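Biologist: I have a structure open that is new to me, and I would like to learn how to read its features one by one. Could you take me through it?

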Amino acid sequence: MEDAVRVILRHMGEDPEREGLERTPMRVAKAYEFLTSGYAKDPKEAINGALFSEQDYQEMILCKDLDFYSLCEHHLLPFMGKAHVAYLPNRKIVGISKLARMVEIYARRLQVQERLTTQIAQTLMSEIDPLGVAVVLEAEHLCMRMRGVEKQNSYVTTSAMLGVFRTNTETRQEFMQLLRNGKP
């Protein structure tokens, strides 16, 4: 990867051997290793047995405003925002940090926001077997702000509704209302 970065720097008209750039290939390689570390992790293993029997709790569980950062697979530019993840348990609850870990693992891969949203929802649905899962991502894309259409202050919202969040209007509306709580 370091050699590839040197080629890119030369293509830009830079000298990869000059003082300010001589360590850049190594730093870029380390940065991309971190930014794509989700490939080395199995999202299903992230749950790590943190499923607990809870017969009496049958209400929605929502973890909102989870910060995430990812790289757009089309331009290798960042997109970042907030993830909101909810599920309706089916006699089992999952350790709440596992919801955040799921977002993190999938975000640390080359992505499009639509796929990221769906991957989180589908994995949670299959691994914790809830009555339903809802995921909403709100993100800003630097590929839209820094290049191309250059639209500042633009955000993209995507959602995935599975199980009762898709089939039951009241459940979906409750989720959306909980997302709005605390926001103007």
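Modeller: We will go from the whole chain to its sheet, its helices and then a few single residues.

Biologist: Before the details, how many helices and strands does the chain have?

Modeller: Please keep in mind throughout that this is a predicted model. The chain has eight helices and seven strands, and its C-alpha trace spans about 65 × 35 × 25 Å along the principal axes. Of the 184 residues, 41% are buried. When one takes the contacts between residues at least 6 apart in sequence, 67% of them join residues at least 24 apart.

Biologist: In what order do the strands of the open sheet lie?

Modeller: The order is S5-S2-S3-S6-S7, five strands with mixed pairing. Strand S5 (110-111) and strand S7 (156-163) are the edge strands, each of them pairing on one side only.

Biologist: Which strands run antiparallel to S3 and which run parallel to S5?

Modeller: S2 pairs with S3 in the antiparallel sense over nine bridges, and within this pairing Ile61 has Tyr87 of S3 as its bridge partner. S2 is also joined to S5, here by two bridges and in the parallel sense, with Cys72 standing opposite Gln111. On the other side of the order, strand S6 (residues 132-141) runs antiparallel to S7 and is joined to it by eight bridges, where Glu138 stands opposite Thr157.

Biologist: Which helix lies across S2, S3 and S5?

Modeller: That is helix H4 (residues 97-107), which runs at about 15 degrees to S2.

Biologist: How should I read the packing of one helix against another?

Modeller: Two packed helices are described by the angle between their axes and by the distance between those axes. Here helix H1 (residues 2-11) and helix H2 (residues 24-35) pack at about 120 degrees, with their axes 8 Å apart, and that angle makes H1 oblique to H2. The crossing of the two is right-handed. On the H1 side the contact is made by Glu2, Val5, Arg6 and Leu9, and on the H2 side by Thr24, Pro25, Met26, Val28 and Ala29; these residues divide into six nonpolar, one polar and two charged.

Biologist: What can the sign of phi tell me about a single residue?

Modeller: Most residues other than glycine have a negative phi, so a positive value is something to look for in the model. Asp65 has a positive phi of about 60 degrees although it is not a glycine; Asp65 lies in strand S2 and, at 34% relative accessibility, counts as partly exposed. Asn153 also has a positive phi of about 60 degrees without being a glycine, and its place is the loop between helix H6 (142-145) and S7. In the hairpin of S2 and S3, which has five residues between the strands, Leu76 takes a positive phi near 55 degrees.

Biologist: Is Asn153 buried or exposed?

Modeller: Asn153 is exposed, as its relative accessible area is 63%.

Biologist: Which residues is Ser53 in contact with, once its neighbours within four places in sequence are left aside?

Modeller: Ser53, which lies in strand S1 (residues 51-53), is then in contact with Arg91 and Lys92. Ser53 and Val94 are 41 residues apart in sequence, while their C-alpha atoms are 9.0 Å apart in space. With a relative accessibility of 55%, Ser53 counts as exposed.

Technical notes. Residues numbered from 1 in each chain as written. Predicted model: local features only at pLDDT ≥ 70, side-chain atom pairs only at ≥ 80, totals over all residues. Heavy atoms only, no water. Axes fitted to C-alpha atoms, helices over the stretch in contact; angles between N-to-C directions. Helix = DSSP H or I, 4+ residues; strand = E, 2+ residues; numbered from the N terminus. Parallel < 35°, antiparallel > 145°, perpendicular 65-115°, else oblique. Left-handed = near helix turned anticlockwise from the far one by under 90°. Contact = heavy atoms within 4.5 Å. Nonpolar A, V, L, I, M, F, W, Y, C, P; charged D, E, K, R; others polar. Pairing = 2+ DSSP bridges. Buried < 20%, exposed > 50% of the residue type's maximum accessible area, 1.4 Å probe, protein only.
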